[in-house]
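Visitor: Hi, could you walk me through this protein? I'm new to reading structures.
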Amino acid sequence: MKTVETHDKTRLYVKDWGEGPPVILIHGWPLSADSWDDQAMAIAEAGHRVIAYDRRGFGRSTQPWSGYDYDTLADDLAAVIQQSGAENATLIGFSMGGGEVARYMARHGGQSVAKCALISSILPFRLKTGDNPGGTEQAAFDQTAEALGADRALFFTGFFKTFFGEDSAERPVSDELLEWARGIALQASLKATIACMRSFSSTDFRPDMAAFTVPTLLIHGTADKTVPIAASSRVAAQRIANSTLIEYDSAPHGLFATDKERLNGDLLAFLRRPA
């Protein structure tokens, strides 16, 4: 098993597939690098080196008590980039993973990054505040934390139905897919699951938007009920210079499964474009 060791000795599980220009995939909450497999296969087969890792506390990475703030998570991403020797990499962050991309660009000056892609991303700020009226009420996140503490297996059963838009006639997903996602989510520690939810719901990335100085692609579904597009990618696209937003009409949050063929095609087209 290949791993990367962070500054606090946390070991991150890493998949390293293919050869060519590097692409680093950062997964969403509450999943692992396995959620990227369909995209990783397509990108590697198209002639790229694909690096996908499990966030600390999730999947096969170790489960420390601390380090679930975005500064530490961005430093974890820096460790992956440095120890893998990736140069002129494309960073692709899904949902919560968009936060690592943004904080890495700001905190580490975008070192070794040629392009960025943000899929169903939480950027720029999830929480409803006086100057962010389109965000989500704090009470909703508090209820999620309470539900996770009470019975997270039950919580994830309902969560993933919304995540993948199970009620969509256009994009049906199987019961087996829902169970697979729930199984991945339950690999994470309860501490990491709740702490990361607190981080992505409360971290204000608006000051980080100016750090995107490379071509940036945003993709988001218009029927995303997990991270609504109006308060996320539409706003982020206005704040990120040299960005392109592609909206998937009627698509839910989990585009890597519900719209994988289109997503693969759009990502490969973006990778082919000169930086």
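Guide: Sure, we'll go through salt bridges, cysteines, a pocket, a strand and some backbone oddities. This is a predicted model, so local features need pLDDT of at least 70, side-chain atom pairs count only at pLDDT 80 or more, and totals for chains, interfaces and linings use all residues. Residues are numbered from 1 along each chain as its sequence is written, and side-chain values use heavy atoms, with hydrogens and water left out.

Visitor: Okay, salt bridges. How many does the structure hold?
Guide: There are 23 salt bridges. A salt bridge here is a side-chain nitrogen of Lys or Arg within 4 Å of a carboxyl oxygen of Asp or Glu.

Visitor: Can you show me one?
Guide: Try Arg 103 and Asp 71, whose side chains meet in a salt bridge at 2.9 Å, N to O. Arg 103 lies in helix H3 (residues 97-107) and Asp 71 in helix H2 (residues 70-84), so the pair ties together parts that are 32 residues apart in sequence. Helices (H or I, at least four residues) and strands (E, at least two) are DSSP runs, numbered from the N terminus.

Visitor: And is Arg 103 buried or exposed?
Guide: Arg 103 is buried, at 14% relative accessibility, while Asp 71 is partly exposed at 28%. Buried means under 20% relative accessible area, exposed means over 50%, and partly exposed is in between, using a 1.4 Å probe and protein chains only.

Visitor: What about Asp 75, which residue does its side chain meet in a salt bridge?
Guide: That's Arg 107, at 2.8 Å, N to O. Asp 75 sits in helix H2 and Arg 107 in helix H3, so this pair links distant parts of the chain, 32 residues apart. Arg 107 is partly exposed, with 42% relative accessibility.

Visitor: Got one inside a single helix?
Guide: Yep, Arg 182 with Glu 179, where the closest N and O atoms are 3.2 Å apart. The two are 3 residues apart in helix H5 (residues 175-185), which means about one helical turn separates them. Glu 179 is partly exposed, at 43%. There is also a network: Lys 15, Asp 34, Asp 37, Asp 54 and Arg 60 are joined by salt bridges that share partners.

Visitor: Switching topic: how many disulfides are there?
Guide: The count is 0, where a disulfide is a pair of cysteine sulfur atoms within 2.5 Å. For Cys 116, the nearest cysteine sulfur belongs to Cys 196, and that is 20 Å away. Cys 116 is buried at 0% relative accessibility, and Cys 196 is buried at 0% too.

Visitor: Now the largest pocket. How much space lies in it?
Guide: About 290 Å³. On a 1 Å grid over the protein atoms alone, a pocket is an open set of points where a 1.4 Å probe fits, with protein on both sides within 12 Å along at least five of seven lines; lining residues have an atom within 4 Å of a point. Grid points are joined across faces, edges and corners, and the volume is the space filled by probe spheres set on the points.

Visitor: Which residues lie nearest its centre?
Guide: Of the 18 lining residues, Arg 126, Phe 141, Thr 144, Phe 159 and Thr 226 lie nearest the centre. Helix H4 (138-163) and helix H6 (190-202) each give two or more residues to the lining, and H4 gives the most, with 6.

Visitor: And strand E3, is it buried or exposed?
Guide: In E3 (residues 22-26), 5 of the 5 residues are buried, so the strand is largely enclosed by the rest of the structure. Pro 22, Ile 24 and Ile 26 point one way, and Val 23 and Leu 25 the other way. E3 pairs with strand E4 (residues 49-53) in the parallel sense over 5 bridges; pairing takes at least two bridges found by DSSP. Val 23 stands opposite Val 50 in E4.

Visitor: Last one: what about those backbone oddities?
Guide: Most residues other than glycine have a negative phi, and most peptide bonds are trans. The bond from Trp 29 to Pro 30 is cis, with omega near 0°, and another cis bond joins Leu 123 and Pro 124, with omega about 5°. Lys 9 has a positive phi near 70° and is exposed, at 59%. Ser 95 has a positive phi too, near 50°, but is buried at 6%.
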